[in-house]
Amino acid sequence: MNKDYLKIENLICGYDNFYLDSLNFGIRKGDFAGIIGPNGSGKTTLFKAITGELKIKKGIITLNENILTQLSIREKARNIALVTQQTDPVDISVEDYVLMGRMPYRSDFQFFETKEDFEIAEKYMRLTDVFRFKDKLMNQLSGGERQLAGIARALAQEPQLLLLDEPTSQLDISHQIHVLNLVQDLNIKMGLTVLMIIHDLNLASEYCDFLLLMNEGKLWKKGTPVEVLDYRTIEDVYKTVVFTQENPLSKKPAIFLVSNKIIAQSKKHE
């Protein structure tokens, strides 16, 4: 039986008016896992605990059996990379931006990138299809192109765990699919462990192998998309009427929203 690669045990952390309530879960190496749940359910708070941005009040987080709070900032950055909701349109070239991902590997008093740094940056720029923009400024790229550059920078860290915080929330459907297909490909071919916060339940269902449903600071349900995304659970947590049906190709749940107008019409015919 495979051990959990990322393990959360009895985690309590948060703010004055909101706390994660004794979270317990694990994901295996090579999993593509998604975190879903309503706004304010604790998804981003959990990410901040994993990255060390938020102090843990109680509990423990381990990565490959190493306690994260005992790792140095450099060691964490060599193991965990984060891609945020929106990559800032900064006034530097794409190549320089991606090279920032190599900073955890710099030795003391090293001020310039090595030949290996440039080779690794080029590798991931090509993989994410932003090498053609390497000399352009980040603020000259579209939102989707900047997001791909953000993924390239994260990959340049050569992490074991990739955290994605709503990476498609600002993108149109074509860029959403492009980004998630890329992440899925990295997960499959490189064995990269992925943990992604995502609001779109249909994208979560289609791309994630494992889901964690959070609500009010608690882990409400966990399992495969089929196990988690049944209409009763969704209606209970999101307080909205939905209809679910199996995707004929992937065999995963597809979620359909139902407007008040349609609900009212259906009641008239009952």
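Two strands are said to pair if DSSP finds at least two bridges between them, and that rule underlies the description of the sheet that follows. In this predicted model, an open sheet of four strands has the order β2-β1-β4-β5, and its pairing is antiparallel. Beyond the sheet, this briefing turns to helix α5, to the largest pocket and to a hairpin formed by β9 and β10.

**The four-stranded sheet**

- The edges of the sheet are held by β2 (18-28) and β5 (66-67), and because each of these has a single partner strand, one side of each is left without a neighbour in the sheet.
- Strand β4, which covers residues 58-63, is joined to β5 by two bridges, and these two strands run antiparallel.
- Within this pairing, Thr62 has Ile67 of β5 as its bridge partner.
- Helix α1 (residues 43-51) packs on the sheet, where it touches β1 (4-15), β2 and β4, and the direction of the helix makes about 115 degrees with that of β1.

**Helix α5 and its surroundings**

- Helix α5 (residues 143-156) has 14 residues, which at 1.5 Å a residue should span 20 Å, and this agrees with its end C-alpha atoms, which are 20 Å apart; the expected span is 1.5 Å times one less than the number of residues.
- Eleven of the 14 residues of α5 are buried, so the helix is largely enclosed by the rest of the structure; buried here means under 20% relative accessible area.
- Among the buried residues of α5 are Gly144, Arg146, Gln147, Leu148 and Ile151, together with several alanines, including Ala149 and Ala156.
- These buried residues of α5 pack against β6 (80-83), α3 (94-99), α4 (115-127), β7 (161-165) and α6 (173-190).
- Just after α5 comes Glu158, which takes a positive phi of about 50 degrees.

**The largest pocket**

- The largest pocket holds about 700 Å³ of space, and of the 26 residues that line this pocket, Ile80, Ala81, Leu82, Arg153 and Gln157 are the closest to its centre.
- Helix α5 also contributes here, since α2 (73-79), β6 and α5 each supply at least two residues of the lining of the largest pocket.

**The hairpin of β9 and β10**

- Strand β9 (residues 210-215) is joined to strand β10 (residues 218-223) by five bridges, and the two strands run antiparallel.
- Across this pairing, Met214 stands opposite Leu219 in β10.
- The hairpin has two residues between its strands, and in this hairpin Glu216 takes a positive phi near 55 degrees.

Technical notes:
Residues numbered from 1 in each chain as written. Predicted model: local features only at pLDDT ≥ 70, side-chain atom pairs only at ≥ 80, totals over all residues. Heavy atoms only, no water. Contact = heavy atoms within 4.5 Å. Axes fitted to C-alpha atoms, helices over the stretch in contact; angles between N-to-C directions. Buried < 20%, exposed > 50% of the residue type's maximum accessible area, 1.4 Å probe, protein only. 1 Å grid on protein atoms, 1.4 Å probe; cavity = no way out; pocket = protein on both sides within 12 Å on 5 of 7 lines; lining within 4 Å. Points joined across faces, edges and corners; volume = space filled by probe spheres on them.
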